[in-house]
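Trainee: I should like to work through this model with you, point by point. Where should we begin?

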Amino acid sequence: KVDYIYFVIILSFLNDTFAYITGRLLKGPLIIPKISPNKTWTGTSFSFLLSFLILIYLDYSIIISIILSISFFFGDIYFSHIKRNNNLKDFSQLLPGHGGILDRIDSMTLFTFIFLISLKILKLKS
C-alpha cells in the first residue's frame, strides 16, 4: 500500500527543489515577477517535467499527471499572491530565509486536493 502522505511530501519536495536548482543554474525569463520575483519559466518547466515523469512512471494517466504537475505551480503562486497582497515577505519566522512553514507546504495544498479527487474518481471507476 502506498503511503499517500509521504508520496505528496516527497514529490512536492522534489518539485520545489528541482525548480529552484534548475531556475538558479539555467536562469531564464521570470513568470510573474510581481507575485513571485524569482520564479523562472526554466525552473518551473523542468520541475513540471520531473513531476510529470514520476507520475507517469507510477502509472498515473497522462491527463492526471499533467494536472497534478501543474497544480504544484498554481498552489505556490496562489500563496505568493496572498503574501504580496498583504505585504508579507514570509508567513512566519519558523524557517528563517524560507518564507516560513507555509512556503514549504504551499505547493502541496492544491496538489493534495486534486490528488485526493483523482483517487476518488479512480476508485469509482474500478
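Mentor: We begin with a definition: helices (H or I, at least four residues) and strands (E, at least two) are DSSP runs, numbered from the N terminus. Residues are numbered from 1 along each chain as its sequence is written. The model is predicted, so local features need pLDDT of at least 70 and side-chain atom pairs count only at pLDDT 80 or more, while totals for chains, interfaces and linings use all residues, and side-chain values use heavy atoms, with hydrogens and water left out.

Trainee: In what order do the elements of the chain run from the N terminus on?

Mentor: The chain has 4 helices and 0 strands. From the N terminus on, the order of the elements is therefore α-α-α-α.

Trainee: What percentage of the residues of the chain count as buried?

Mentor: Buried means under 20% relative accessible area, exposed means over 50%, and partly exposed lies in between (1.4 Å probe, protein chains only). Of the 126 residues of the chain, the buried share is 36%.

Trainee: Which loop holds Lys 27, and what is the phi of Lys 27?

Mentor: Most residues other than glycine have a negative phi. Lys 27 is found in the loop between helix 1 and helix 2, and Lys 27 is exposed at a relative accessible area of 53%. Its phi is positive, near 60°.

Trainee: What is the phi of Asp 59?

Mentor: Asp 59 is found in the loop between helix 2 and helix 3. At 71% relative accessibility, Asp 59 counts as exposed. Although Asp 59 is not a glycine, its phi is positive, about 70°.

Trainee: How do the axes of helix 1 and helix 2 cross, and at what angle?

Mentor: Axes are lines fitted to C-alpha atoms, for helices over the stretch in contact, and angles run from 0 to 180 degrees between N-to-C directions. Helix 2 spans residues 41–57, and its axis comes within 7 Å of that of helix 1. A crossing is left-handed if the near helix is turned anticlockwise from the far one by less than a right angle, and right-handed if clockwise. The crossing of helix 1 and helix 2 is right-handed, and its angle is roughly 145°.

Trainee: How many residues of the contact of helix 1 with helix 2 are nonpolar, polar and charged?

Mentor: Contact means heavy atoms within 4.5 Å. Among the residues that make this contact are Phe 7, Leu 11 and Phe 18 of helix 1 and Phe 46, Phe 48 and Ile 54 of helix 2. Ala, Val, Leu, Ile, Met, Phe, Trp, Tyr, Cys and Pro count as nonpolar, Asp, Glu, Lys and Arg as charged, and the others, Gly among them, as polar. The residues of the contact divide into 11 nonpolar, 7 polar and no charged.

Trainee: How many aromatic pairs are there by the rule for ring pairs?

Mentor: Rings of Phe, Tyr and Trp (its six-membered ring) pair if their centres lie within 6.5 Å; planes under 30 degrees apart count as stacked, over 60 as edge-to-face and the rest as tilted. By this rule the count of aromatic pairs is 10.

Trainee: What kind of pair do Tyr 4 and Phe 115 form, and why does the pair tie together parts that are 111 residues apart in sequence?

Mentor: The rings of Tyr 4 and Phe 115 lie 5.4 Å centre to centre with 65° between the planes, and the pair is edge-to-face. Tyr 4 lies in helix 1 (residues 4–26) and Phe 115 in helix 4 (residues 101–125), so the pair ties together parts that are 111 residues apart in sequence. Tyr 4 counts as partly exposed at 36% relative accessibility, whereas Phe 115 is buried at 1%.

Trainee: Why is the pair of Phe 72 and Phe 111 stacked?

Mentor: Phe 72 is in helix 3 (residues 62–85) and Phe 111 in helix 4, 39 residues apart. Phe 72 and Phe 111 are both buried. The ring centres of Phe 72 and Phe 111 are 4.4 Å apart and their planes are at 10°, so the pair is stacked.

Trainee: Which residues form one aromatic cluster?

Mentor: Phe 72 and Phe 111 belong to this cluster, as do Tyr 4 and Phe 115. The full cluster is Tyr 4, Phe 7, Tyr 60, Phe 72, Phe 111 and Phe 115.

Trainee: Which side chains meet in a salt bridge?

Mentor: A salt bridge is a side-chain nitrogen of Lys or Arg within 4 Å of a carboxyl oxygen of Asp or Glu. A search of the whole structure finds 1 salt bridge. Its partners are buried, one at 18% relative accessibility and the other at 14%. With 2.5 Å from N to O, they are Lys 39 and Asp 76.
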